[in-house]
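Hi everyone, thanks for coming. I'd like to walk you through one model this morning, so have a look at it on the screen before I start talking.

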Amino acid sequence: MTQETVDQTASGLVLPQYRRDDADAHPPLLSPGYKSTLQRAPQRPLTYLPQRLTEVTGPLLGEGRLGELDHDLTCQHDGEPQGQRIIVHGRILDGDGRPVPHTLVEIWQTNAAGRYRHAVDNWSAPLDPHFEGVGRALTDDRGRYRFVTVQPGAYPWRNHDNAWRPAHIHFSLFGRAFTQRLVTQMYFPGDPLFFQDPIFNSVRDPSARDRMIARYDHATTVPEWALAYEFDIVLRGRESIPFEDEDDDE
């Protein structure tokens with residue numbers, strides 16, 4: 001969003017109001033090919049509200065809310081998880097290309113077999129007792145983040161005939177408060193399931209879809225230990241990553 005006007009409160013505090021300049025890069029809330037949106041899409045036009053004190057003040061999301069191993073999903077249990085170990089790293093940037101420091105980044109994903117550790121995920125792929133599939137990290141002074149995890153697997157879902165979701169990692173980004181949240185998905189290059197995935201294809205602009213696909217990073221790959229992928233996230237503007245409904249758990 002870009003600043004358009006300001007709103008002055010009774011106390012004299014000036015707060016920004018915003019307009020969307022990147023709406024075409026994001027998937028529509030109603031995407032008929034993605035069947036669950038038929039039940040949850042709003043029936044009236046959205047109204048954008050200015051951020052007021054309740055949105056821009058606490059609770060703060062800082063270093064004290066992170067555990068020592070939150071960024072390394074392969075070391076959160078006594079044993080190592082099954083699957084190809086990978087490093088996922090990148091930068092969080094604003095619409096002008098400036099780094100966004102000290103912002104909370106959360107990820108969640110399936111295990112290597114394509115199964116979530118979730119009560120409603122009961123397909124026949126095995127659970128991994130050494131993998132939770134959830135991590136979090138703060139960006140550094142240059143807006144950089146880094147996770148160590150395993151390559152997620154594809155999984156079936158009941159959206160359409162013979163439907164399989166491409167391998168992906170969910171990303172959740174927070175500002176300095178819980179109300180400042182954006183959600184997207186990171187995909188892997190060359191996935192053969194892109195053609196039939198309505199979530200990926202709900203982003204109509206092909207160049208915007210490409211921005212959801214990570215880049216294989218051989219320079220950061222660790223010999224005999226882990227492959228690496230780079231995934232930069234631009235929050236606003238023409239180069240923004242497409243964001244989705246926060247309630248999407250697929």
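**A walk through the model**

Let's begin on the outside: Leu29, Leu46 and Tyr48 make a nonpolar surface patch of about 300 Å². Before I go on, a word of caution: this is a predicted model, local features need pLDDT of at least 70, side-chain atom pairs count only at pLDDT 80 or more, and totals for chains, interfaces and linings use all residues. Residues are numbered from 1 along each chain as its sequence is written, and side-chain values use heavy atoms, with hydrogens and water left out.

Back to the patch. Patches are made of residues with over 30% relative accessible area and no salt bridge, joining like charges within 9 Å and nonpolar side chains (Val, Leu, Ile, Met, Phe, Trp, Tyr) within 5 Å. The accessible areas come from the Shrake-Rupley method with a 1.4 Å probe, and for residues only the protein chains shown count as cover. Leucine 46 sits in the loop between α1 (37-40) and α2 (53-56); helices here are DSSP runs of H or I with at least four residues, strands are runs of E with at least two, and both are numbered from the N terminus. So is leucine 46 buried or exposed? It's exposed, because its relative accessible area is 52%, and the cut-offs are under 20% for buried, over 50% for exposed and partly exposed in between, with a 1.4 Å probe and protein chains only.

**Charged pairs**

Now for the salt bridges. Side chains of opposite charge can pair when their charged atoms come close. I'm counting a side-chain nitrogen of Lys or Arg within 4 Å of a carboxyl oxygen of Asp or Glu, and by that rule there are 10 salt bridges.

Take aspartate 232 and arginine 91, whose side chains meet at 3.4 Å, N to O. This pair links distant parts of the chain, 141 residues apart: aspartate 232 is in the loop between β12 (227-230) and β13 (233-234), and arginine 91 is in strand β3 (residues 85-93). Aspartate 232 is partly exposed at 23% relative accessibility, and arginine 91 is partly exposed too, at 36%.

Next up, arginine 136 and glutamate 106 form a salt bridge at 2.6 Å, N to O. That one connects strand β5 (residues 134-138), home of arginine 136, with strand β4 (residues 104-108), home of glutamate 106, 30 residues apart. Arginine 136 counts as partly exposed at 22%, whereas glutamate 106 counts as buried at 18%.

The third pair I picked is glutamate 132 with arginine 117, at 3.7 Å, N to O. Both residues lie in the loop between β4 and β5, so the pair ties together parts that are 15 residues apart in sequence. Glutamate 132 is partly exposed at 33%, and arginine 117 is partly exposed at 38%. There's also a network, in which salt bridges that share partners join Asp94, Asp96 and Arg98.

**The cavity**

Keep glutamate 132 and arginine 117 in mind, please. Which residues line the largest cavity? They are Gln109, Asn111, Arg115, Tyr116, Arg117, Leu127, Asp128, Phe131, Glu132 and Gly133. On a 1 Å grid over the protein atoms alone, a cavity is a set of points where a 1.4 Å probe fits but cannot get out, and lining residues have an atom within 4 Å of a point. Its volume is about 30 Å³, meaning the space filled by probe spheres set on the points, with grid points joined across faces, edges and corners. The count comes to 1 cavity of 30 Å³ or more.

The lining divides into 3 nonpolar, 3 polar and 4 charged residues. Here Ala, Val, Leu, Ile, Met, Phe, Trp, Tyr, Cys and Pro are nonpolar, Asp, Glu, Lys and Arg are charged, and the others, Gly among them, are polar.

**Two glycines and two odd phi angles**

Glycine 114 is in the loop between β4 and β5, and it's buried at 0% relative accessible area. Its C-alpha is separated by 8.6 Å from that of proline 126, 12 residues apart along the chain. Glycine 135, in strand β5, is buried at 4%. Its C-alpha is 5.1 Å from that of aspartate 70, with their positions 65 residues apart in sequence.

Last stop: histidine 102 has a positive phi of about 55° although it is not a glycine. Histidine 102 lies in the loop between β3 and β4 and is partly exposed at 32%. Asparagine 162, also not a glycine, has a positive phi of about 50°. Asparagine 162 is in the loop between β7 (155-156) and β8 (164-165), and it's exposed at 59%.

Note on methods. On a 1 Å grid over the protein atoms alone, a cavity is a set of points where a 1.4 Å probe fits but cannot get out, and a pocket is an open set with protein on both sides within 12 Å along at least five of seven lines; lining residues have an atom within 4 Å of a point.
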